[in-house]
Amino acid sequence: MKIVAAAIQMPCEPLRVADNVARADALLRQAYEGGAELSVLPELFNTGYGLCPDYTPYAEGRDGPTLNYLRQRSRHWRMDIAAGFVEREGRHLYDSIAYVTATGETHVYRKRNLVFWERFRFKPGRDPLIVTTRWGRIGFAVCADMIYRRVWHHYRDRIDLAIVSAAWPDFADRNTGKKHWLFGHVGPLSGAIPGKVAHDLGIPVVFANQCGSTQTMIPVIKQRIADRFAGLSSISDGLHGATVLAGVEEQVLLSPLTVHSHRGLKSWRSTSHSARVDSSSGSELSGSVSSGVASTGEQVGAGL
């Protein structure tokens, strides 16, 4: 089955929710007018991603204003939308993706592999999420999730399409372009890993990253750098075509995908008690992602 997907790459200003949602709305409209049936927004698209002192006032439940807005747009445009947001359940906050369908369903995936300062702001999710859609089964990851082999181990042979939302930094001075001496090799991996996953699992992968300025705190040495998000959002058509790659500026990346819906296990515990979901599990991402990544060990990337 052929569908048109959109990876929406956008700058997201920290804690300026109304402005970020308005920007996203214009880009979603552009995706819709370009024929997109599925659109993916970046990690924490509404709140922005950064060293914020407290996300609590901006966190939402399933019935919050951001998800209500996404459901309204999804139904109106008959377009499924995946978007990163700060989820609140009880006293806990999660770095989550909401997946809303044109038929009104809402599913929530929680980032399982928190890095850097995220560990002090969010609680990690515990489970993978697989949603059965009109095109096939979709699995989800948020940013650093995609560098861990066990994430794709859970999904292998159980999904027909993967969605990754990210706020992946470049780890380079945004003014000079000079790469950080320790993490400078990590930024370009955002443009490499989704295509490698698509080829290895034999499925399409839609990867939407933030762009624009940010501040990155390097762990351990506690060095702050005037960074930017790496951009390089992509749509990879599995074994059916080359990866379509964005640049580093705001962009709505549109591309057709070939989705083969296969039979398989169709139930898995959701990462949100309120979400309705069909899902499953799977085997291991093989080989290395790039020459700078070891072919053994737990991660298929580094540091995010």
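Two strands are taken to pair if DSSP finds at least two bridges between them, and it is in this sense that Ser234 stands opposite Leu245 in strand E13 of the predicted model described here. The strand that holds Ser234, E12 (residues 234–237), is joined to E13 by 2 bridges, and the two strands run antiparallel.

Strands E12 and E13 belong to an open sheet of 6 strands, in which the order is E6-E7-E8-E9-E12-E13 and the pairing is mixed. At the edges of this sheet lie strand E6 (130–132) and strand E13 (244–245), each of which pairs on one side only.

Another open sheet, again of 6 strands and with mixed pairing, follows the order E5-E4-E3-E2-E1-E14. Its edge strands are strand E5 (106–110) and strand E14 (251–258), and each of these pairs on one side only. From one strand to the next, the twist in this sheet averages 30 degrees. Within the sheet, strand E1 (residues 2–9) and strand E2 (residues 38–40) run parallel and are joined by 3 bridges, with Ala7 placed opposite Val40 in E2.

The sheet that contains E3, E4 and E5 is also met by a helix, since helix H2 (residues 65–77) lies across strand E3 (80–89), strand E4 (92–100) and E5, and runs at about 165 degrees to E3. Helix H2 also takes part in an aromatic contact, for the count of aromatic pairs in the model comes to 8, and one of these is formed by Tyr32 and Trp77, whose rings are stacked at 5.2 Å centre to centre with 15 degrees between the planes. This pair counts as stacked because the angle between its planes is under 30 degrees. The pair links distant parts of the chain, as Tyr32 lies in helix H1 (residues 17–33) and Trp77 in helix H2, 45 residues apart.

Empty space inside the model was examined as well. A search of the whole structure finds 1 cavity of 30 Å³ or more, and about 80 Å³ of space lies in the largest cavity. This cavity is lined by 12 residues, of which Tyr49, Phe116, Trp117, Pro169 and Thr216 are the closest to its centre. When the lining of the largest cavity is sorted by class, 9 residues are nonpolar and 3 are polar, while no charged residues are found there.

Conventions. Residues numbered from 1 in each chain as written. Predicted model: local features only at pLDDT ≥ 70, side-chain atom pairs only at ≥ 80, totals over all residues. Heavy atoms only, no water. 1 Å grid on protein atoms, 1.4 Å probe; cavity = no way out; pocket = protein on both sides within 12 Å on 5 of 7 lines; lining within 4 Å. Points joined across faces, edges and corners; volume = space filled by probe spheres on them. Nonpolar A, V, L, I, M, F, W, Y, C, P; charged D, E, K, R; others polar. Helix = DSSP H or I, 4+ residues; strand = E, 2+ residues; numbered from the N terminus. Axes fitted to C-alpha atoms, helices over the stretch in contact; angles between N-to-C directions. Contact = heavy atoms within 4.5 Å. Phe/Tyr/Trp six-rings, centres within 6.5 Å; stacked < 30°, edge-to-face > 60°.
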